[in-house]
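Please report on the protein and DNA contacts in the model below. Keep it brief and cover the helices as well.

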Protein chains: 2
Amino acid sequence: MTKKFGPRERILETATRLFHSQGYNNTGINQILAEANVAKASLYQHFGSKDELGIIYLKEGREEWFSGIEQWTGAKKAPAQKLSACFDFLEYALQKDDYLGCKFINILSEVGNNSPLMFKEIIEHKGKLRQYMKGFVEKALEGNADVDADFVGDSIYLLYEGAIVESKIYRDTWPVKKARKMAEMLLKKV
Amino acid sequence: MTKKFGPRERILETATRLFHSQGYNNTGINQILAEANVAKASLYQHFGSKDELGIIYLKEGREEWFSGIEQWTGAKKAPAQKLSACFDFLEYALQKDDYLGCKFINILSEVGNNSPLMFKEIIEHKGKLRQYMKGFVEKALEGNADVDADFVGDSIYLLYEGAIVESKIYRDTWPVKKARKMAEMLLKKV
DNA sequence: CCAATTATAGACAAGTTTGTCTATATTTTT
DNA sequence: AAAAATATAGACAAACTTGTCTATAATTGG
């Protein structure tokens with residue numbers, strides 16, 4: 001059995017904290033090692049490079065995100081309520097991390113197209129989130145023939161992503177609150 | 001009179017190109033100097049530090065942005081049309097720069113709270129853009145007492161910002177096109 | 001209990017980074 | 001034309017980066 005707090009886990013936990021709060025490029029390997037109390041050779045044993053550590057940071061970030069959002073939507077029954085729960089979870093998550101924004105959007109600004117494997121993680125994560133939310137919108141608008149569910153779904157997704165970025169800029173939850181309110185309105189009376 | 005293509009101008013033009021395309025942290029002073037054909041001492045003569053160069057890069061970016069958007073909105077008369085023109089300009093600008101996204105959002109991910117003066121430029125730019133767009137929304141909804149113009153205005157602003165970020169991720173204009181369509185819908189029949 | 005695996009500590013290489021400083025050359029201005 | 005301001009080229013410092021390698025210690029499985 002793998003140790004619960006072995007070097008690998010400590011590295012990943014520390015790297016996650018530092019990459020998210022300081023940024024990927026502003027976080028050196030040595031700082032991670034020092035704060036995780038791990039030897040340098042152990043890092044290069046478990047992760048082949050800093051780039052790979054970044055990729056696994058994103059992979060785990062995606063798992064954690066969807067695990068969280070499914071917990072929140074799972075507590076609701078109606079699709080429209082599940083969609084609102086997505087915004088509630090976002091508000092909770094952004095506040096919990098002191099408005100650091102989205103790990104994926106942030107790292108995209110840092111690495112650009114330098115790391116194709118990171119870009120792959122980013123676009124896959126966002127694509128999955130988009131489909132996830134659009135699924136609720138479709139169900140909520142089912143039978144409503146005169147409404148373009150695809151269009152409304154993407155609009156709500158854009159509101160969601162806009163709320164993430166603006167919460168970071170304004171260091172406040174108003175973007176999420178207003179985005180949710182508009183999303184709810186769009187599902188009711190379009 | 002200041003020279004049109006003196007060292008200062010060449011530095012700023014090159015730094016703008018490189019900061020935007022490669023990122024701020026991925027662009028070293030030496031690369032800027034080499035591509036601008038300028039001596040290192042000249043850079044530190046005109047700009048005291050890389051940080052200050054970054055601040056002026058943002059200041060100029062804001063001027064250029066608003067100069068551009070005002071050209072596009074100035075060609076329209078009705079407030080609703082002016083608002084649509086904001087989206088048209090965005091689509092044009094993002095495509096022109098090959099979907100590099102927003103200079104301000106990008107650099108925020110890189111420097112975080114490390115540079116308070118940069119953060120000041122960022123929040124001022126976004127705050128001004130928000131008010132600029134909300135002004136059109138207010139005028140377009142004037143007399144429409146049963147509609148909360150502030151709420152609709154912020155929603156459209158969030159759609160706008162979401163479209164910027166998602167266009168970068170998907171390397172496509174669909175986010176802007178859909179955001180504009182939704183914005184137009186919100187001004188017509190809410 | 002002993003052998004194999006895993007972790008540690010840290011020196012080291014080769015390359016970055018920003019910023020300073022000197023010395024020389026080119027423009028501008030008076 | 002002389003004096004002052006501006007630009008150039010590049011050496012240099014001090015600190016940082018990722019990644020490799022060696023030698024020793026701790027832990028684990030059979």
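## Surface near DNA strand D

Helix α3(B) gives the most to the surface near DNA strand D, with four residues. Helices here are DSSP runs of H or I with at least four residues, and strands are E runs of at least two, numbered from the N terminus. Elements that each supply at least two residues are α2 (29–36) and α3 (40–46) of chain A, together with α1 (7–22) and α3 (40–46) of chain B. By class, this surface has seven nonpolar, seven polar and five charged residues. Ala, Val, Leu, Ile, Met, Phe, Trp, Tyr, Cys and Pro count as nonpolar; Asp, Glu, Lys and Arg count as charged; the others, Gly among them, count as polar.

This is a predicted model: local features need pLDDT of at least 70, side-chain atom pairs count only at pLDDT 80 or more, and totals for chains, interfaces and linings use all residues. Residues are numbered from 1 along each chain as its sequence is written, chains are lettered from A and ligands numbered from 1 in the order in which they are written, and side-chain values use heavy atoms, with hydrogens and water left out.

## Contacts to strand D

There are 19 residues around DNA strand D, and Ile29(A), Asn30(A), Lys40(A), Lys50(A) and Ser42(B) come nearest. A residue is near a strand if one of its heavy atoms lies within 4 Å of it. Sugar and phosphate make up 62% of the atoms of DNA strand D that come within 4 Å of the protein.

Polar contacts are pairs of N or O atoms within 3.5 Å; within protein, one must be able to donate a hydrogen and the other to accept it, and residues adjacent in sequence count only if both atoms are side-chain atoms. Ile29(A) places a backbone N or O atom 2.8 Å from a phosphate oxygen of strand D. His46(B) has a polar side-chain atom 3.1 Å from a phosphate oxygen of strand D. Lys40(A) meets a base: a polar side-chain atom lies 2.7 Å from a base oxygen of strand D.

## Contacts to strand C

DNA strand C has 18 residues around it, of which Ser42(A), Ile29(B), Asn30(B), Lys40(B) and Lys50(B) come nearest. They divide by class into seven nonpolar, seven polar and four charged. Of the atoms of strand C within 4 Å of the protein, 62% belong to sugar or phosphate, and the rest to bases.

A side-chain N or O atom of Lys40(B) is 2.7 Å from a base oxygen of strand C. Lys50(B) brings a backbone N or O atom 2.9 Å from a phosphate oxygen of the strand. A polar backbone atom of Ala39(A) is 3.3 Å from a phosphate oxygen of strand C.

## Thr16(B) in helix α1

Thr16(B) lies in helix α1 of chain B. Is this residue buried or exposed? Thr16(B) is buried, with a relative accessible area of 17%. Buried means under 20%, exposed over 50% and partly exposed in between, using a 1.4 Å probe and protein chains only.

A polar side-chain atom of Thr16(B) lies 2.7 Å from the backbone oxygen of Leu12(B). Not counting residues up to four places away in sequence, Thr16(B) touches Tyr57(B), Glu60(B) and Lys103(B). Contact means heavy atoms within 4.5 Å.

## Chain A overall

Chain A has nine helices and zero strands. Of its 190 residues, 55% are buried. Its C-alpha atoms fill a box of roughly 60 × 40 × 30 Å, taken along the principal axes.
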